[in-house]
Amino acid sequence: MMLQFVSNKGGGKSVDFETAILDGFAVDGGLYVPETLPEISIDQLKKWKGLSYVELAFEILSLFIDRTIISSEDLKKILHTAYTPFEKEEILPLHKLKSRKETYIMELFHGPTLSFKDVGLAFLVNLVNFFLERKKEHLTLVVATTGDTGPATAYFSAGKSNLDAWVLYPKGLITEEQERQMTTLQDANIHPVGVSNCPDGSDDLDLVISELYENKRFKEKLNLSSVNSINWGRVMMQTVHYFYGYLQVADTVGEKVNMSVPSGGFGNLCAGGLARKMGLPIKYLVAANNDNGCLHRIFSEGRFTKEDIIETPSSAIDILIPFNFWRYLYFCINKDSKRIKKWIDLFKAKGSVTFDKETFEAYKKGFLSNTTSDKDTLGLIHEIYTTEKYLLDPHGAVSLKAADVLREKLGSEKLICLATAHPSKFPEVIKKALHTNVIPKEAKHYRIEEAKHLCEKVYLCDHSYLEEALIHAMETNWDLTKEK
Ligand SMILES: *Cc1c(COP(=O)(O)O)cnc(C)c1O
């Protein structure tokens with residue numbers, strides 16, 4: 001039987017893999033989940049030890065994707081195309097710290113736009129494009145970004161004739177380096193939109209995107225979809241790096257390993273949680289937050305609440321609503337989609353959900369959490385740079401800090417901290433952390449430098465008018481390009 005995908009809110013019919021990927025959201029606005037999670041035995045894991053990242057990805061994705069939908073040859077081709085622009089042969093190299101016992105930094109930022117978003121989007125955008133070419137269809141992608149999804153979506157969509165990509169970012173709340181990664185692409189199918197006055201940062205943009213989805217006429221005319229981590233393809237692809245990291249550090253396959261993850265929307269951690277449910281021996285997953293703390297509240301107090309946004313040096317995780325938590329929770333409560341729907345509705349109405357004790361215990365199992373202050377983020381960047389000449393980006397610092405704080409609870413197992421961005425995307429933070437006016441060479445990257453020499457091309461809009469302005473701009477573009 002072919003694996004089917006359903007909404008975690010229980011609405012609509014089950015769909016096949018291709019439909020789940022191309023739709024983005026499920027019909028009822030829920031998130032697609034596989035009807036069952038594949039199970040991976042320790043014996044299987046042993047056989048995978050030694051595989052390259054791309055080989056391992058092929059094995060894991062094959063558990064979700066029926067061969068009748070994508071042949072193994074095509075899947076290999078898509079993976080090859082996706083990961084060729086990565087700069088390190090290992091794709092995701094691991095760096096062992098000298099100052100901590102058995103602690104590794106997994107560098108997820110060697111893709112072309114220098115953040116972990118490349119890892120999921122390299123594959124997903126190429127996959128979407130593969131389906132579109134086969135169906136001879138055109139699709140309009142709309143994504144909101146805290147600074148990294150936008151560049152990655154734009155990069156991988158650029159020049160693909162079956163795709164238009166609209167990338168919305170909160171102006172002033174991402175770095176200039178991140179902004180230029182989107183605005184300096186000259187391809188006609190890439191449309192960055194800088195939105196001013198977003199009181200809740202990128203969460204505001206997510207809201208407008210869901211309104212666009214609810215506009216049936218518009219959605220159908222433009223064939224709207226999203227590759228934000230609402231898309232199952234992102235989460236699925238992100239399970240791979242947990243397996244990969246594990247197999248790199250485990251001396252004996254079967255031993256437990258801890259992983260700490262700088263988190264905002266919970267897309268990355270949702271994948272980690274699912275990888276563990278599939279059988280990966282992870283002891284603890286650490287939800288590493290900055291002062292925004294949305295996941296820390298969920299895991300330490302059992303409360304899913306929206307508070308005011310706080311600007312921090314780890315701006316990519318200045319997120320208030322970790323919507324992928326609903327996807328993970330579904331698997332922790334026996335796939336009870338009725339209760340998921342009830343909670344999502346309650347959250348929409350009240351801005352807050354407090355979970356009952358039984359639910360809290362069920363999802364909390366195997367998770368720890370922490371919030372890292374700005375001062376500690378900067379302090380740790382400084383410490384690691386001065387003691388071992390290794391430069392963390394602010395998000396990598398948040399994940400290591402959480403692990404430092406929780407070290408006793410974590411125990412003596414090996415620890416992998418995920419570093420999700422290259423420091424060159426945050427030069428001002430780095431200068432501040434290192435008390436210098438000179439950007440160190442580790443915080444420079446030729447791709448960031450190159451973008452400074454290019455013209456910027458961008459739509460600008462105020463948040464108050466965003467929905468109507470977007471509909472106008474997107475429809476005009478659609479009609480113009482269709483006429484050709
Ligand atoms: C997106 C992002 C994260 C957070 O990932 P989630 O899946 O939203 O939790 C962490 N670090 C960086 C640099 C990011 O761009």
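Ala, Val, Leu, Ile, Met, Phe, Trp, Tyr, Cys and Pro count here as nonpolar, Asp, Glu, Lys and Arg as charged, and the others, Gly among them, as polar. With that scheme, the lining of the second largest pocket comprises 11 nonpolar, seven polar and seven charged residues. The model on display is a predicted one.

**Stop 1: the second largest pocket**

Select Leu173, Thr175, Glu311, Thr312 and Ser315, which lie nearest the centre of the second largest pocket among its 25 lining residues. The volume of this pocket is about 480 Å³. Next, colour the helices α7 (176-183), α16 (374-388) and α18 (427-433), each of which supplies at least two residues of the lining. Of the elements that contribute, α18 gives the most, with four residues.

**Stop 2: the largest pocket**

Move to Phe25, Gly29, Ser210, Glu214 and Lys348. The space in the largest pocket amounts to about 1100 Å³, and these five residues, Phe25, Gly29, Ser210, Glu214 and Lys348, are the closest to its centre out of 33 that line it. Three helices should then be highlighted: α8 (202-214), α9 (216-222) and α14 (337-350) each provide at least two lining residues. Which helix gives the most to the lining of the largest pocket? That helix is α8, with nine residues. Colouring the lining by class shows 14 charged, 13 nonpolar and six polar residues.

**Stop 3: the largest cavity**

Turn from the pockets to the cavities. How many cavities of 30 Å³ or more does a search of the whole structure find? The search finds two. For the largest cavity, select Lys117, Thr146, Gly265, Ala316 and Ile319; among its 28 lining residues, these lie nearest the centre. The volume of the largest cavity is about 370 Å³. Helix α8, already highlighted for the largest pocket, also supplies at least two residues to the lining of the largest cavity, as does α11 (267-278). The most comes from α11, with three residues. By class, the lining of the largest cavity has 14 polar, 10 nonpolar and four charged residues.

**Stop 4: the second largest cavity**

The second largest cavity has a volume of about 60 Å³. Its lining can be selected in full: Glu177, Ser424, Pro427, Ile439, Ala443, Lys444, His445, Ile448, Glu449 and Lys452. Show helix α19 (residues 446-452) as well, since it is the element that gives the most to this lining, with three residues. Four of the lining residues are nonpolar, two are polar and four are charged.

**Stop 5: the packing of α4 on α5**

Two packed helices are described by the angle between their axes and the distance between the axes. Select helix α4 (residues 72-83) together with helix α5 (residues 117-135): their axes are 9 Å apart and the packing angle is about 130 degrees. Why does α4 count as oblique to α5? The angle of about 130 degrees lies outside the ranges under 35, over 145 and 65 to 115 degrees, and the rest count as oblique; α4 is therefore oblique to α5. The crossing in which α4 passes α5 is right-handed.

To view the contact itself, display the side chains of Asp74, Leu75, Ile78, Leu79, Thr81, Ala82 and Tyr83 in α4, which meet Val119, Ala122, Phe123, Asn126, Leu127 and Phe130 in α5. The residues of this contact divide into 10 nonpolar, two polar and one charged.

Notes
Residues numbered from 1 in each chain as written. Predicted model: local features only at pLDDT ≥ 70, side-chain atom pairs only at ≥ 80, totals over all residues. Heavy atoms only, no water. 1 Å grid on protein atoms, 1.4 Å probe; cavity = no way out; pocket = protein on both sides within 12 Å on 5 of 7 lines; lining within 4 Å. Points joined across faces, edges and corners; volume = space filled by probe spheres on them. Axes fitted to C-alpha atoms, helices over the stretch in contact; angles between N-to-C directions. Left-handed = near helix turned anticlockwise from the far one by under 90°. Contact = heavy atoms within 4.5 Å.
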